[in-house]
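Colleague: I have a few quick questions about this model. Can we go through them one at a time?

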Amino acid sequence: MLDSSKAYSGFAVDDLDKAVEFYGDTLGLKTSVLQEDVLVQVEFAGGRPVLIYNKPDFTPATYTILNFPVDDVEAAVDELASRGVTFEKYDGFDQDERGIDHSGPSGGIAWFKDPAGNILAVHGELDV
């Protein structure tokens, strides 16, 4: 039954306008407002959608909610940093000065937050 469903994911933010600016302008993703002040869709490669919705009593996730596999983590980090993205540093990880942990997935992993405080990551391609 569900094996043929075109499932999608969603997550909450506290300010949709800031989310549209960040995901659309800063990250360069295609965004579409589905319902003003309530619901936004972000499209990824292959037309995969993710919904972002406004939640009045929002609390940011304490884990990575969205991962971006990339061919070159260092280039992605440099490009995002040039667009104003700040990378997080966490205790217990062997991160370099830019925030890249090279002991993680192939090519490393680096975490950053959206304006709502949700954690996102760029990392090397995984063999899945």
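Colleague: In what order do the three strands of the open sheet stand?

Modeller: This is a predicted model. The sheet is open and its pairing is mixed. The strand order is 5-7-6.

Colleague: Which strands stand at the edges, each with a single partner strand?

Modeller: One side of each edge strand is left without a neighbour in the sheet, because each has a single partner strand. Neighbouring strands of this sheet are turned by 25 degrees against each other on average, direction ignored. The edge strands are strand 5 (64-70) and strand 6 (109-113).

Colleague: What is the bridge partner of Asn67 in strand 7?

Modeller: Strand 7 covers residues 119-124 and pairs with strand 5 in the parallel sense. Six bridges join this pair. For Asn67, the partner in strand 7 is Ala121.

Colleague: At what angle does helix 2 run to strand 7?

Modeller: Helix 2 spans residues 73-82. It lies across strand 5, strand 6 and strand 7. Its angle to strand 7 is about 140 degrees.

Colleague: Does Gln41 count as buried or exposed?

Modeller: Gln41 sits in strand 3, residues 39-44. Beyond four places in sequence, its contacts include Lys30, Leu34 and Val50. Its relative accessibility is 19%, and the cut-off is under 20%. So Gln41 counts as buried.

Colleague: Which residue caps the N-terminal end of helix 1?

Modeller: Helix 1 spans residues 16-26, and its buried residues include Leu16 and Phe22. Gly28, with a positive phi near 75 degrees, follows the helix. At the N-terminal end, a side-chain oxygen of the capping residue lies 3.0 Å from the backbone nitrogen of Asp17. That capping residue is Asp15.

Terms used
Residues are numbered from 1 along each chain as its sequence is written. This is a predicted model: local features need pLDDT of at least 70, side-chain atom pairs count only at pLDDT 80 or more; totals for chains, interfaces and linings use all residues. Side-chain values use heavy atoms; hydrogens and water are left out. Two strands pair if DSSP finds at least two bridges between them. Helices (H or I, at least four residues) and strands (E, at least two) are DSSP runs, numbered from the N terminus. Axes are lines fitted to C-alpha atoms, for helices over the stretch in contact, and angles run from 0 to 180 degrees between N-to-C directions. Contact means heavy atoms within 4.5 Å. Buried means under 20% relative accessible area, exposed over 50%, partly exposed in between (1.4 Å probe, protein chains only). A polar contact is a pair of N or O atoms within 3.5 Å; within protein, one must be able to donate a hydrogen and the other to accept it, and residues adjacent in sequence count only if both atoms are side-chain atoms.
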